[in-house]
Amino acid sequence: MTSLLRRRTKPESADAPVISMVDVGMTYPNGKVALADVNVAIPAGAFVFLVGPSGAGKSTFIRLLIREQLPTHGNVRVAGRDLLRMRRGQVPGLRRRIGIVFQDFRLLPSKTVWENVAFALEVTGVPGIQIRRRVPQLLNLVGLHEHAHHLPTQLSGGEQQRVAIARALVHDPAILIADEPTGNLDPVTSWEIIQLLIQINQLGTTVLMATHNQEIVNAMRRRVLALEGGHLVRDEGTASYEREY
Ligand SMILES: Nc1ncnc2c1ncn2[C@@H]1O[C@H](COP(=O)(O)OP(=O)(O)O)[C@@H](O)[C@H]1O
Ligand SMILES: [Mg+2]
């Protein structure tokens, strides 16, 4: 597995956080203030939870990181790039440095497990010989090699999320972002997905996970960023998640 995800013993540029927001605010066109005065810096290699009640701004925070949206004000830097100064043509390069998974998996229903992962490489022009080498490595990492030729409908929810995680890792991203990845899963399966995310983090990938799951956050003792009404109300090293959401 050593060649699969490159171990990153040093941040991509020395001392610079892999994610940073400075005085970030985001107001939607309808006037809704989704984020306000957010300042945060996440070092390379971290595992960070993003928590808060529904509507707190977690998904908006994530949309800013992948430049799906620009902030109304403030500065966002990801993987060494200033997202406000970035030209449109540079966005695909940014997105290859970030893997993302969602609560609803978003697999292509008519493609097999193998094809779902391979397709993410094909669309960026990776040669077939590399795809045939890389896909089985990724399916092994997520424990799905035996399901390579199954369709998403033939898999459990946890297995579908593993496919989505394998797909998110095709380009060996610096950062893996997960927006409520266990939201559709039972508690046992949720823990299995968390263990996989930890394994990926230990291989050197920075992991940011938005979640409602208080039990997981409390048990993990990792850094917790808490949003409420668009404000970052807590940023603690190994905080427990005291509020009932
Ligand atoms: N496209 C949009 N247009 C207007 N308001 C939005 C849009 N997307 C989200 N919001 C609002 O912004 C706030 C934050 O939403 P979101 O980032 O999705 O929160 P969370 O992921 O924590 O549930 C909510 O009040 C939500 O209704
Ligand atoms: Mg959300």
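This is a short dialogue on reading helix packing in a predicted model.

Reader: How are two packed helices described?

Author: Happy to start there! Two packed helices are described by the angle between their axes and by the distance between those axes. Let's try that on helix 3, residues 113-122, and helix 4, residues 128-141. Here the angle is about 130°, and the axes lie 10 Å apart.

Reader: Which word describes how helix 3 and helix 4 lie to each other?

Author: Angles over 145 degrees count as roughly antiparallel and 65 to 115 as roughly perpendicular. At about 130°, helix 3 and helix 4 are therefore oblique to each other. Their crossing is right-handed.

Reader: Which residues of helix 3 and helix 4 meet?

Author: From helix 3 come Val113, Trp114, Val117, Ala118, Leu121 and Glu122. Helix 4 brings Ile131, Arg132, Arg134, Val135, Pro136, Leu138 and Leu139. By kind, the residues of this contact are 10 nonpolar, no polar and 3 charged.

Reader: Now for another pair: at what angle do helix 3 and helix 5 pack?

Author: Helix 5 covers residues 157-168, and it packs with helix 3 at about 25°, with 8 Å from axis to axis. Angles under 35 degrees count as roughly parallel, so helix 3 and helix 5 are roughly parallel to each other. This crossing, too, is right-handed.

Reader: Which residues make the contact of helix 3 with helix 5?

Author: On helix 3, look for Val113, Asn116, Val117 and Ala120. Their partners in helix 5 are Val163, Ala166 and Arg167. This contact divides into 5 nonpolar residues, 1 polar and 1 charged. As you can see, Val113 and Val117 of helix 3 appear in both contacts.

How values were computed:
Residues are numbered from 1 along each chain as its sequence is written. Chains are lettered from A and ligands numbered from 1 in the order in which they are written. This is a predicted model: local features need pLDDT of at least 70, side-chain atom pairs count only at pLDDT 80 or more; totals for chains, interfaces and linings use all residues. Side-chain values use heavy atoms; hydrogens and water are left out. Axes are lines fitted to C-alpha atoms, for helices over the stretch in contact, and angles run from 0 to 180 degrees between N-to-C directions. Helices (H or I, at least four residues) and strands (E, at least two) are DSSP runs, numbered from the N terminus. A crossing is left-handed if the near helix is turned anticlockwise from the far one by less than a right angle, and right-handed if clockwise. Contact means heavy atoms within 4.5 Å. Ala, Val, Leu, Ile, Met, Phe, Trp, Tyr, Cys and Pro count as nonpolar, Asp, Glu, Lys and Arg as charged, and the others, Gly among them, as polar.
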